[in-house]
Every structure is written in C-alpha cells, then in structure tokens.
Amino acid sequence: MMRVLFAAPDAMWPAWAPALRAACPEMDLRRDGPPESFDAIIYAPGGLDDFAPYVNARLVQSLWAGVERIVGNATLTQPLARMVDPGLRHGMAEYCTGWTMRAHLRMDDYAQDGIWRNAQTPPLAADRRVTVLGMGELGGAVAGMLSAIGFDVAGWSASGRGAEFAGAGGLPRALARAEVLICLLPDTPDTRNLLNADRLAMLPRGAWIINPGRGTLINDAALIAALDTGHVGHAVLDVFRTEPLPAAHPFWAHPCVTVTPHIAAETRPQTSAPVVAENLRRIMAGQGPLYLVDRGRGY
Ligand code: NAP
C-alpha cells in the first residue's frame, strides 16, 4: 500500500480526506509519520516548507493550479505536479463568461431610476473582441466557452500554443483588439508587472480587464491611473499582490473596480481527487506523473 502525506492546512483535511480515500482506496493517507516512509506528498500552500527529509517521495502533487509558492523551494527535489482538473476548468470558464457578459451587455448601464434607456442596440457577441492572455488549461477552457457563445476570441501565449498571438512580439496586437481582456497567466518572473502603464495604454479605450490569474501581473498604481482617466473602463479582479486584499487598498473603493475574493475557480475535492489518484497510481506503476511543472519556467 502506498503511503501518502497530506501536507495542507488543517482546515482542508475534513473535506479532502474522504474524497481522496474514496478515489484511491489503495492509499494509506496520513497527516504525519516518519518522512522517509512516504511514497508521495499531496500539497497545498501552508502545508509543508521542508521537503528534504522526504527522500523516498516520488511525487509532490499540488492541489492548486498555481505553484508560485512552491516552485522556487530549494528543498524540493521531488517531481512537482500541478492541479489540472475539470472542475477548475469549468469553474474558471463560468466565472470569466459571467463577468464578460456583464461587460458585453453593459449591465451596469441600466438602473431602476425611471429612465427608459433604449437608444442603443446592444451588440451581439460576434461583434465583441475578447483577448485571453494565457491559453493553457484554464485560458483555453475560457476561450472555448466564450467562442461557443459567439464572441470574437483570440489568445496570447508564450509559445503560441493554442493561441493567435505569441510572445513579446504578439502582445501589442493582442492588447490592441481587447475590448475585454481576460488574464490567465501564471505568476513567474516573466509575467510580473506585465500589465504596466505602457501596456495598459495599448488597450482600446474603455476596455474591461478580468484578472483571475495572479495579482502580480498588473501594476496596481498604473491600473488605477488608467481607470481614473477612463482608458480602462472597469477591472474585475479576483487575485491580488496581498490576499486578503487589505481594507485600505484603493481597489475596494474605486467605482470602476469589482473585487472578488480569489474564488474564480476552486479546487473541488470531488472533481480533483480522481486526478490525484491517477497520478499516484502512475508513479506506483513506474510511469511519469501527469501535469509536471517545468521548474525552469516556473509553471
Ligand atoms: P497553464 O496550463 O500552465 O497555462 C499557462 C498559460 O500561460 C500558457 O498558455 C502559457 O504559454 C502562458 N504563459 C506563461 N508564461 C507566459 C509568458 N511569459 N508570456 C506569455 N504567455 C505565458 O496554467 P493554467 O492551468 O491555465 O492556470 C493559469 C493560472 O491561473 C495559474 O497559474 C494560476 O495562477 C491561476 N489560477 C487562478 C485561480 C483562481 O481561482 N483565481 C484558480 C486556478 C488557477 P505556453 O503554453 O506557450 O507555455
């Protein structure tokens, strides 16, 4: 029987333990024990800092899709897999579609104030250009759902994989077309402060930004300045440099910012426990785990 350490905050144990045990009955799941006795580690931020004693662990399986809090850990020599899960994909697609519809249909322009605002015919989705920065598991799912509705969607990625625009050279064109800009990039040295004042200026006037990727992508002060001038019409932000977002942060009070509390896509035990189980079975069978993180790239 494989021995697996659950290295995640205490509050996660009651929901995760039964789901993981049901998905993988051949696993002996524990919260502690002699480090050298474990075959694998299931990890979430806050669960473990020193991986060095786990000399026989053949896998560290993150329960989170974003791995920026573990990928640079110098004690981590074991293979690291990130979470790729159908529930995460669908949750993120629903979140981004919902907020895109708010932008697209100008829902905020209507109010119960007795004014009959029928001067403009709302455009159809086909008339609305959406750009998705980051066309990986989540960006790809978002682009797929928006395309199915009929939006004019284009993506941007580092390699051009799954995307119309690639790398630094493609970014200005990706931004210039973005009436709605959806950001699903990981937090890496290359993506930090990517959306600075110069890049925000490349967006068409009034663009909406939806960022459920990572808060480090956007220069907060530059975004507020762009919102103040109306160059950026609205920002829906789910992720922040400091979480929870401090009460004094200007995002909370800005009329053109919507703050959501990092809930865009949750890792749900019922959909992701089978993914964990598959990876554990793979390593026990001597196969390589799925969804390995490229430590050099940081995602
Ligand atoms: P993924 O499958 O690894 O995809 C990452 C995408 O970003 C790829 O298209 C990649 O391009 C692109 N990329 C990375 N660095 C880039 C750069 N410097 N320039 C251009 N493109 C770059 O990741 P995922 O599963 O879609 O997740 C994306 C992020 O969403 C996670 O890292 C996490 O931060 C965030 N997230 C947030 C929530 C939430 O609730 N708010 C939940 C889950 C995840 P290539 O394919 O060319 O490498």
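A backbone N or O atom of Ala158 lies 2.8 Å from a nitrogen atom of the ligand, a polar contact in the sense of a pair of N or O atoms within 3.5 Å. The protein covers 93% of the 950 Å² of accessible area that the ligand has on its own, with areas taken from the Shrake-Rupley method and a 1.4 Å probe. The model is predicted: local features need pLDDT of at least 70, side-chain atom pairs count only at pLDDT 80 or more, and totals for chains, interfaces and linings use all residues. Residues are numbered from 1 along each chain as its sequence is written, and side-chain values use heavy atoms, with hydrogens and water left out.

**Ligand site**

- The ligand is surrounded by 31 residues, of which Arg82, Leu138, Ala158, Ser159 and Tyr299 come nearest; a residue counts as near if one of its heavy atoms lies within 4 Å.
- Two further backbone N or O atoms face oxygen atoms of the ligand: that of Leu138 at 2.8 Å and that of Ala265 at 3.0 Å.
- Helix 2 (86-104), helix 3 (137-149) and strand 7 (152-157) are the elements that give two or more residues to the shell; helices (H or I, at least four residues) and strands (E, at least two) are DSSP runs numbered from the N terminus.
- Helix 3 provides the largest share of the shell, 3 residues.
- By class, the shell holds 15 nonpolar, 9 polar and 7 charged residues.

**Helix 6 (residues 220-229)**

- Asp220, Ala222, Leu223, Ile224, Ala226 and Leu227 are buried in helix 6, buried meaning under 20% relative accessible area (1.4 Å probe, protein chains only).
- These buried residues pack against helix 5 (197-200), strand 10 (207-211), strand 11 (232-237), helix 7 (250-253) and strand 12 (257-259), where contact means heavy atoms within 4.5 Å.
- At the N-terminal end, helix 6 is capped by Asn219, with a side-chain oxygen 3.1 Å from the backbone nitrogen of Ala221.
- Gly230, just after helix 6, takes a positive phi of about 85 degrees.

**Overall chain**

- The chain comprises 8 helices and 12 strands.
- Its C-alpha trace spans about 70 × 40 × 40 Å along the principal axes.
- The radius of gyration of the chain is 21 Å, which agrees with the value near 19 Å for a compact globule of 299 residues.
- Of the 299 residues, 49% are buried.
- Among contacts between residues at least 6 apart in sequence, 63% join residues at least 24 apart.
- The accessible surface of the chain comes to about 13700 Å², and 55% of this belongs to carbon and sulfur atoms.

Notes: Polar contact = N/O pair within 3.5 Å; in protein donor to acceptor, adjacent residues only side chain to side chain. Nonpolar A, V, L, I, M, F, W, Y, C, P; charged D, E, K, R; others polar. Buried < 20%, exposed > 50% of the residue type's maximum accessible area, 1.4 Å probe, protein only. Rg over C-alpha atoms; globule rule 2.2 N^0.38 Å.
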